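Here is a short briefing on a protein structure. Keep the sequence and the 3D view open as you read.

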Amino acid sequence: MNVWQHLVDAVVRGADPVAGWTDGADPNLAALLQQIAAPGPGDRPEDAPEHRPEHSLLAAAGVLAVYRAAGRTLPRLTAGAPVESAAAPACDPAVAALLEHVLEHAHDPLLPEVLARLQAHGVIVPARLAPQLLARFANAATLRTAVSAVVGPAGRQLAAENPAWRALSDAADGWDGLAALWQTADMSGRRHLVAQVRGRDPDLGRALLEVHWRQLAAQGREPLIQALETGLSMADEPFLETVLDDRAQTVRRKAAELLARLPGSRLALRMADAAPAYLAWSPAGDAASDAAGDGTSDVASDTGTAAVPAAFIAVRPPESLPASLQRDGALAYTRGDRLRWQGAQLSYIIGGVPLRHWEETWQATPDAIVAAALAGRWPRTITTGLAQAATAQHNHAWAAAILPACNFALHVLRAVPVLTSAQLDALLDAHVPADEPLTGDALLVKLVRRRPQPWSDALAARWIHAVGLTLDATAPGAPLDRLVTTALRDFALRAPSACHAAAVARWLPSLHADQRTRAAVREALALLDLRAQLDALLPA
Amino acid sequence: MQTPIRGTRLHSVEPQSILTHTEAVSLAPSRSVLTKATRLARPWAWLALGRTADAAPTLWGRMAGSKETVIVAAVRLHDLRMHCTCAARTEPCAHLVALLLLYAHQPAALPGGPAPPELHAQRPQWDTVPPLTQGDPGAAYARRRLPRLLACMDTLDRWLCDLVDGGLSAATYRPDPFWTTMANELDSAHAPRLAASVRTMAKLPGRAADWPDQLLAAMGRLYLLIQALRDYDQATPARRGDLHAAVGWPLLWEADRPQRARWHILAALPQPGRTAHQRTVWLAHAHTGACYAVTVRAGRGDHGALLRVGRTVDATLLPAHGGAPMAARLLHLHAVDAPPTQPPEAPAPEAQHGGIPHAGVMPVADVPRAHGRALAANPWHDSTPVLLRPDDVVHHDGRWYLRGPDGAALLLPAAFDHGWQLRALLLQGGLTLFGGWDGDLLTPHAVWTDAGWTELRTLRGVK
């Protein structure tokens, strides 16, 4: 026991230290402690109001506390792997400040664009921001590759050292590392891992899934099969075809939806083979062909198609689904509104048929086929299926045919993202009045809200003009429709940033609406301004 | 003639109209103010924003407050004089920090124009400079307060003796009033730091396995302080300076030893407790690396707001008396220079600050030695400022350490959540760090990054 421990032991017990407690101490320290224990006449005891034995203990404690603090030594840690500093090229301070601003101000919708630009320009972010990026995007599968690139070698080494970030390290590049990550990840982590690898190497991602497929529980298989959506191609078809024999219906259905996106898949061919049993082309004037149908309809009132001389599509709704179609994901309903589930089954089957099959079989253009569908007794069912097919197969021509023909009804709006910019601009020219203020029901609002792609200059100009008109027409203090203010954010994120000045000049003088609207407009302009800064610093 | 030592004079300081994100963030007195300011730093959060187009550009903004009131915030750019009509007690408030953040990122959001009417009343107040006072306010303070303090020291003496007499094992059963009554009495005797020590001691019993060691060490050092205060009249100026710092009294300045030099500004730390609007600005001598702490009022009051982290200033400091002086007063601010482009190097041996330990970049293994030398000069010294360039940042048994080449390691605080940032900086080219070593823990305050000196509190922590 050393001197300090003797003293602590005594004070804890409320007793005097044992005799000879200073033995073993440094001679100078021992002399000082002895002097404190027996103060001489010159040692100032008279200064104290009363000298008590505790004073000696307190003075000794003070001296020893300072002595110990002044002589403290540091613990030794065994040396780990040598640290290899990876000096990165200096990131432009303006770029770093912009990224910091976007991160701090939670402009999350901007981050994918910012990260993509940084990656495209080969910029490595400053070290002080790397941990924040790694922590924030460790679970964002679609952004992992970009984050892993922009944090640089140092950031990836950091990711390798933190189990929560390991998927962003170099370990995710090789098979062994992926296998190790798979073993330690939870279900959500595995889905992110497959999606991440698919983004870089679709075959490797599918192989990772195939190897572990049989060990997975049913509830884990569905989200994992969804991850194949990234980088989907005909190379995935054999595996997805085997998944159609899965015990879980949700898994089969998801696999079938993916296969329906591949017009060359065996499922698509089976759907094309099955479809003639339910649909038939009736040429113009062939009213008798309607006898091929059973006289039912998916519309509330008979549209009087028997009197229409144009071509139409006759429908024989499925009475019972064959097992092969159920294997392909069609749901065999047994309860509820019979017409409703027959329509759903028919839409599903049409959605899986390659669109070129209809053109080749019926020798008709998409416009003619859509017109025939609308002329028949099941217009909504057929156009829903065709819109599904156009979306899944990313067919621009069919999307452009279906949308205006169906008057941009809600059940076909899913095809809007498939349109090319030119097609969208042409549709807007033809169907949207130039000088009409916007409401939530306005066609322009409906279309732009479903458009995830970058906007064209013409679309941005049209939007600026329409919003300007709407602000002009809004009474002071009155609100704008909530759907319009929501679409302002879409505009800010997708319109060309060069239109910022035009938007500021057109909107701000007319900005007399209520506070929520003013805030939405200013937020949109600020986001667009940030994108303009990004364009100036890191051009696309 | 004595040197005037209250009030700071600003000489030929160039207008500082450019503000970086890091500088704006470092003006926030706390993380909570910064979080709120970040939320407000969007153009759409304000009713109106602008910048006066005159010789002294001033940023201003109007924001809707509660009960249909309107908050007006304004910042004069060249000297960062600030004013806000909100009721927040922090200085600067979130509105002012938001205005600065907005200006740093989106200056176009603050268009130039005439000054709003609310500014006309405020500007003359900004131009009022605190009067210069003669003499030494610390000494006068001591003359007024010493008799009361000595009487309180007798009470503290008896209180410590009672604690020893009852045995430390009984400390765990002492009721709260045993501690709080003594602390309140010390507060009444204008000894705030001693009161804080007693409140800290109250939390020790039972907290850790070695709590008797910690409590006895604190009691012993308090007792030494009592003895030294009884000798106040016979003490040297340096010892008196140490006593003032230990008690929490106004410091004693070395009026005849002003030091003019170029100083790098390393950190500006908000002071906890009732003086939340005050900040401790740490400056390092550009050549010797000697560190001094200057206390400034943020936002308004003096030119302390110009001491922005990362900048280099040409300034005259008045060091405090003391065995290991760490504090100084900003006497003259001559110029604000461009920020340094490189982290500081280790100083030459002859440049060491007279043997004072807090000079220049030092190896990890030397940190306890430096702290020991400071303790030898001032037994009540609590934290030694250090500039470090560690070889490694290690995560070991749930704690972060800074390790030197020989394996010696400095332990970082338990709730430290910037360990990954330090490691990232180390991996991306090396880590230079400024912090305070209290004998047990190293508390990092600032690091050298691509943006120059950056306070850790301005970086978002990562667990």
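The points below go from whole chains to helix pairs and then to single residues.

This is a predicted model. Chain A has 27 helices and two strands, while chain B has eleven helices and 19 strands. Two helix pairs in chain A, one buried helix face and four single residues of chain A follow in turn.

**Chain A as a whole**

- Chain A has 540 residues, and 50% of them are buried.
- Take the contacts in chain A between residues at least 6 apart in sequence: 71% of these join residues at least 24 apart.
- The exposed area of chain A is about 23,500 Å². Carbon and sulfur atoms supply 55% of that area.

**Chain B as a whole**

- Chain B has 463 residues, of which 57% are buried.
- Among contacts in chain B between residues at least 6 apart in sequence, the share that joins residues at least 24 apart is 63%.
- Chain B exposes about 18,200 Å². Of this area, 54% comes from carbon and sulfur atoms.

**How to read a helix pair**

- Two numbers describe a pair of packed helices: the angle between the axes and the distance between the axes.

**Helices α10 and α12 of chain A**

- Helix α10 covers residues 187-200 of chain A, and helix α12 covers residues 218-226 of chain A.
- Their axes come within 9 Å and cross at roughly 25°.
- Angles under 35 degrees count as roughly parallel, so α10(A) and α12(A) are roughly parallel to each other.
- The crossing of α10(A) and α12(A) is right-handed.
- On the α10(A) side, the contact is made by A:M187, A:R190, A:R191 and A:V194. On the α12(A) side, it is made by A:G220, A:P223 and A:L224.
- By class, the residues in the contact of α10(A) with α12(A) are four nonpolar, one polar and two charged.

**Helices α24 and α26 of chain A**

- Helix α24 spans residues 457-473 of chain A, and helix α26 spans residues 500-507 of chain A.
- They pack at an angle of about 15°, with their axes 9 Å apart.
- That angle makes α24(A) roughly parallel to α26(A).
- α24(A) passes α26(A) in a right-handed crossing.
- From α24(A), the contact uses A:W463, A:I464, A:H465, A:V467, A:G468, A:L469, A:L471 and A:D472. From α26(A), it uses A:A502, A:A503, A:R506 and A:W507.
- The contact of α24(A) with α26(A) holds eight nonpolar, two polar and two charged residues.

**The buried residues of helix α8 of chain A**

- Helix α8 runs over residues 152-161 of chain A.
- Its buried residues include A:G152, A:A154 and A:G155. A:R156, A:L158 and A:A159 of α8(A) are buried too.
- What covers the buried residues of α8(A)? The cover includes α6 (130-137) and α7 (144-150) of chain A, together with α11 (419-427) of chain B.

**Two alanines of chain A**

- A:A310 sits in the loop between β1 (279-282) and β2 (312-315) of chain A.
- A:A310 has 37% relative accessibility, so it counts as partly exposed.
- A:A310 and A:P126 are 184 residues apart along the chain, and their C-alpha atoms are separated by 67 Å.
- A:A524 lies in helix α27 (residues 515-537) of chain A.
- Is A:A524 buried or exposed? A:A524 is buried, because its relative accessible area is 2%, and buried means under 20%.
- Leaving aside neighbours within four places in sequence, A:A524 is in contact with A:L488 and A:A492.
- A:A524 and A:L447 are 77 residues apart along the chain, with their C-alpha atoms separated by 18 Å.

**Two residues with positive phi**

- Most residues other than glycine have a negative phi.
- A:H394 is not a glycine, yet it has a positive phi of about 55°.
- A:H394 lies in the loop between α20 (379-392) and α21 (396-405) of chain A. With a relative accessible area of 48%, A:H394 is partly exposed.
- A:F408 is not a glycine either, and its phi is positive, at about 55°.
- A:F408 lies in the loop between α21 and α22 (421-431) of chain A. A:F408 has a relative accessible area of 3%, so it is buried.

Methods: Residues are numbered from 1 along each chain as its sequence is written. Chains are lettered from A and ligands numbered from 1 in the order in which they are written. This is a predicted model: local features need pLDDT of at least 70, side-chain atom pairs count only at pLDDT 80 or more; totals for chains, interfaces and linings use all residues. Side-chain values use heavy atoms; hydrogens and water are left out. Axes are lines fitted to C-alpha atoms, for helices over the stretch in contact, and angles run from 0 to 180 degrees between N-to-C directions. Angles under 35 degrees count as roughly parallel, over 145 as roughly antiparallel, 65 to 115 as roughly perpendicular and the rest as oblique. A crossing is left-handed if the near helix is turned anticlockwise from the far one by less than a right angle, and right-handed if clockwise. Contact means heavy atoms within 4.5 Å. Ala, Val, Leu, Ile, Met, Phe, Trp, Tyr, Cys and Pro count as nonpolar, Asp, Glu, Lys and Arg as charged, and the others, Gly among them, as polar. Buried means under 20% relative accessible area, exposed over 50%, partly exposed in between (1.4 Å probe, protein chains only). Accessible areas come from the Shrake-Rupley method with a 1.4 Å probe; for residues, only the protein chains shown count as cover.
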